[in-house]
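Biologist: I'm new to this one and would like a close look at a single part. Could you walk me through the salt bridges and what surrounds them?

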Amino acid sequence: ISSLSMQYVKQNFSEGLNWRPTKEWNLGAEYGYERYDWTQADVNYTNENGAKVYADWKPARAITVRASASYSERRYGNYDYTDYVANLQFPQGIVGPPASSNSYFYSTAYRQLFIDNRDRAKVNLAADLVVTTGLLVTPTFKYQNDKYNLNNSYNVVNVNHNVGPGEEGLQESRSWSAGIDATYVINRDISFTVGYLYESYYQ
């Protein structure tokens with residue numbers, strides 16, 4: 001068995017536009033691109049394109065509201081666990097009884113969530129409220145939905161051109177959270193913060 005060290009080269013590109021139509025509003029939009037070139041991983045590369053819009057609203061000195069929404073799509077080039085990982089990790093093949101020869105490998109239909117195709121949608125909301133001098137209250141809300149678009153039907157042609165079962169792995173990860181923080185500043189050196197956060201996950 002040969003030990004493998006997963007490696008990657010990461011490249012990023014982003015561009016943004018910010019606009020302040022009035023002193024109360026700050027608006028923006030961003031585009032981002034991210035690429036990973038993988039070595040000794042199940043895929044050869046992944047590309048991700050994403051867009052984000054955001055808005056900050058400050059109707060009064062004591063109130064600031066921030067909101068953002070984003071969407072991104074990640075796609076891999078070629079997914080081939082056998083050639084990229086298994087054949088390197090076991091260069092001489094498996095020696096042993098046929099009944100146990102496959103126990104070293106995981107299914108070629110399995111898709112790992114950190115390199116699999118993924119559509120991601122996110123929404124973030126937050127507000128800063130100055131209740132009184134020195135007391136800041138910040139409610140927050142976040143939502144995220146990741147869909148992995150697995151082809152889990154049967155009779156899928158795999159990388160070895162054999163007909164077999166469809167792809168396996170995480171199909172969806174959905175979460176949301178809501179919370180509130182309160183910070184009280186006594187002086188320049190002392191402040192107290194308390195907070196509560198509730199999170200819900202579905203996978």
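Modeller: One term to begin with: a residue counts as buried when its relative accessible area is under 20%, as exposed when that area is over 50%, and as partly exposed in between. Keep in mind, too, that this is a predicted model.

Let's start with the pair Arg-111 and Glu-167, whose side chains meet in a salt bridge at 3.7 Å, N to O. This pair ties together distant parts of the chain: Arg-111 belongs to strand β5 (residues 110-111), while Glu-167 sits in the loop between β9 (163-164) and β10 (168-169), 56 residues apart. Glu-167 has a relative accessible area of 17%, so it is buried. Arg-111, at 10%, is therefore buried as well.

Who else is around there? Take Tyr-76: leaving aside its neighbours within four places in sequence, its contacts include both Arg-111 and Glu-167, along with Val-43, Tyr-45, Thr-46, Ile-115, Asp-116 and Asn-117. Tyr-76 is also one of the seven residues in the largest nonpolar core, where it is joined by Tyr-36, Trp-38, Ala-41, Val-43, Tyr-79 and Ile-115. So Val-43 and Ile-115 turn up both among the contacts of Tyr-76 and in that core. As background, nonpolar side chains in soluble globular proteins tend to be buried together.

Now for the other bridges. A search of the whole structure turns up nine of them. One of these joins Arg-66 to Asp-128, with the closest N and O atoms 2.6 Å apart. Here again distant parts of the chain are linked, with Arg-66 in strand β4 (residues 63-76), Asp-128 in strand β6, and the two positions 62 residues apart. Arg-66 has a relative accessible area of 30%, so it is partly exposed.

Then there's Glu-73, which pairs with Arg-75 at 4.0 Å between the closest N and O atoms. Glu-73 is partly exposed because its relative accessible area is 34%, and Arg-75, at 32%, is partly exposed too. The relative accessible area of Glu-167, by contrast, is 17%, which means buried. Bridges with shared partners also bring Asp-119 in, making one network of Glu-73, Arg-75 and Asp-119.

Last stop, strand β6. Besides holding Asp-128, β6 (118-132) supplies at least two residues of a nonpolar patch, as do β11 (172-185) and β12 (191-202). The patch covers about 650 Å² of surface and is made by Val-123, Leu-125, Phe-141, Trp-176, Ile-180, Tyr-196 and Tyr-198. Leu-125 is in β6, and its relative accessible area of 42% means that it is partly exposed.

Technical notes:
Residues are numbered from 1 along each chain as its sequence is written. This is a predicted model: local features need pLDDT of at least 70, side-chain atom pairs count only at pLDDT 80 or more; totals for chains, interfaces and linings use all residues. Side-chain values use heavy atoms; hydrogens and water are left out. Patches are made of residues with over 30% relative accessible area and no salt bridge: like charges are joined within 9 Å, nonpolar side chains (Val, Leu, Ile, Met, Phe, Trp, Tyr) within 5 Å. Accessible areas come from the Shrake-Rupley method with a 1.4 Å probe; for residues, only the protein chains shown count as cover. Helices (H or I, at least four residues) and strands (E, at least two) are DSSP runs, numbered from the N terminus. Buried means under 20% relative accessible area, exposed over 50%, partly exposed in between (1.4 Å probe, protein chains only). A nonpolar core is a set of buried Ala, Val, Leu, Ile, Met, Phe, Trp, Tyr and Cys residues joined through side-chain atoms within 4.5 Å. Contact means heavy atoms within 4.5 Å.
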